[in-house]
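Good morning, and thank you for joining. I would like to take you through a few local features of one structure, beginning with how two of its helices pack. Please look at the display as I go.

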Amino acid sequence: MSRATDASFDLLPGADGSPVILHVPHGAREIPADVREAILLDDTALARELDHITDAHTGELADLAAKAATVTPWRFVNRLSRLVVDPERFPDEREEMLAVGMGAVYTRTTHREVLRGDGTDPEPLLRRYFHPYARAMTAAVADRLAATGRAVVLDVHSYPTSPLPYELHGEGPRPPVCLGTDSFHTPPELLARAREAFAGFGGTGVDSPFSGAYVPLEFYGAQPRVTALMVEIRRDTYMTEPGGAAGPGLPRLASALAALADAVS
């Protein structure tokens with residue numbers, strides 16, 4: 001196991017021969033005290049925002065899937081809230097979510113209220129959290145490439161049943177399982193395997209309401225042996241919204257995720 005400065009993430013080893021990394025970027029609620037000081041919400045409002053923005057129980061989902069898989073996948077787990085930094089955003093003007101104040105360092109909430117002041121300098125948080133996370137994830141993918149000749153990043157997310165005001169593409173379908181793809185890094189066979197694995201949950205959709213798949217920038221658009229898929233699970237399939245307890249859907253979803261990991265291993 002390797003752990004970042006400030007305990008911001010964990011890389012949890014899997015089987016030597018597994019190319020699969022289960023990436024869990026948005027499952028935590030923890031915010032360091034000094035970072036909390038710059039957030040303008042009071043404690044009650046912040047707790048409510050964390051209910052909405054956190055992909056609750058996705059860490060447990062990945063853990064159960066890893067234990068159930070025949071070939072244990074690796075796991076890369078963010079231990080801090082995405083309100084600290086969002087490791088899946090572009091750290092520059094390429095990020096479309098800047099339009100709603102939700103680039104790599106958020107200045108607005110899910111309901112487009114002020115989270116941090118407009119004059120917030122993102123660079124200190126990027127240096128402290130974003131860039132070390134990106135380097136470590138890059139190294140994890142490079143390690144799977146060296147060990148197995150390929151890497152498969154399965155991004156584990158969840159999303160609310162009803163759209164939130166921050167969503168730029170919330171008007172589209174909201175299936176029980178949304179599969180986010182990338183035109184370069186998501187081959188048809190990976191998408192087909194995911195559709196098969198999650199067929200028993202009432203239907204899968206592609207790229208709605210969320211699209212894309214996470215690949216470290218060093219490999220993005222350049223290394224076809226790095227493949228990726230985003231698995232977005234609608235929260236009513238496994239938990240009480242917002243921010244409530246997990247239900248019986250969680251172990252079933254974990255079995256499906258394990259089946260997908262095995263199918264692409």
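This is a predicted model. Let us begin with helix α3, residues 58-68, and helix α6, residues 249-263: their axes come within 8 Å and cross at roughly 55°. That angle makes α3 oblique to α6. As to hand, the crossing of α3 and α6 is right-handed.

Which residues make this contact? From α3 they are E60, L61, A62, L64, A65 and A68, and from α6 they are L250, L253, A254, L257 and A258. Sorted by class, the contact of α3 with α6 has 10 nonpolar residues, no polar ones and one charged residue.

I turn next to helix α5, which spans residues 188-197. Within α5, the residues L190, L191, A194 and A197 are buried. Seen down the axis of α5, these buried residues fall within an arc of 125°, so they line one face of the helix. The general background is familiar: an α-helix has 3.6 residues a turn, so residues three or four places apart point the same way.

What do the buried residues of α5 pack against? Their partners are four strands, namely β5 (151-159), β6 (177-180), β7 (204-206) and β8 (226-234), together with helix α6. Helix α6 thus appears in both parts of this account, in contact with α3 and packed against by the buried residues of α5. On the face of α5 turned away from its buried side, we find the exposed residues P188, E189 and E196.

Now to the backbone. By way of reference, most residues other than glycine have a negative phi, and most peptide bonds are trans. Where does this model contain cis peptide bonds? One joins S208 and P209, with omega about 10°; P209 is found in the loop between β7 and β8. Another joins E241 and P242, with omega about -15°, and P242 lies in the loop between β8 and α6.

The loop between β7 and β8 also holds D207. Phi of D207 is near 60°, a positive value in a residue other than glycine. Is D207 buried, partly exposed or exposed? At 30% relative accessibility, D207 counts as partly exposed.

A positive phi is also found at R112, about 65°, although R112 is not a glycine. R112 sits in the loop between β4 (74-78) and α4, and at 43% relative accessibility R112 counts as partly exposed.

That loop between β4 and α4 also contains R108. Setting aside neighbours within four places in sequence, R108 is in contact with V100, G101, M102, E113, V114, L115, R116 and D118. For one of these partners, D118, the separation from R108 is 10 residues in sequence and 9.1 Å in space, C-alpha to C-alpha.

Finally, I come to helix α4 itself, residues 123-148, where R135 is placed. R135 has a relative accessible area of 56%, which means that R135 is exposed. How far apart are R135 and E218, in sequence and in space? They are 83 residues apart in sequence and 9.4 Å apart in space, C-alpha to C-alpha.

That brings me to the end of the presentation. Thank you for your attention.

Notes. Residues numbered from 1 in each chain as written. Predicted model: local features only at pLDDT ≥ 70, side-chain atom pairs only at ≥ 80, totals over all residues. Heavy atoms only, no water. Axes fitted to C-alpha atoms, helices over the stretch in contact; angles between N-to-C directions. Helix = DSSP H or I, 4+ residues; strand = E, 2+ residues; numbered from the N terminus. Parallel < 35°, antiparallel > 145°, perpendicular 65-115°, else oblique. Left-handed = near helix turned anticlockwise from the far one by under 90°. Contact = heavy atoms within 4.5 Å. Nonpolar A, V, L, I, M, F, W, Y, C, P; charged D, E, K, R; others polar. Buried < 20%, exposed > 50% of the residue type's maximum accessible area, 1.4 Å probe, protein only. Arc of directions from axis to C-beta.
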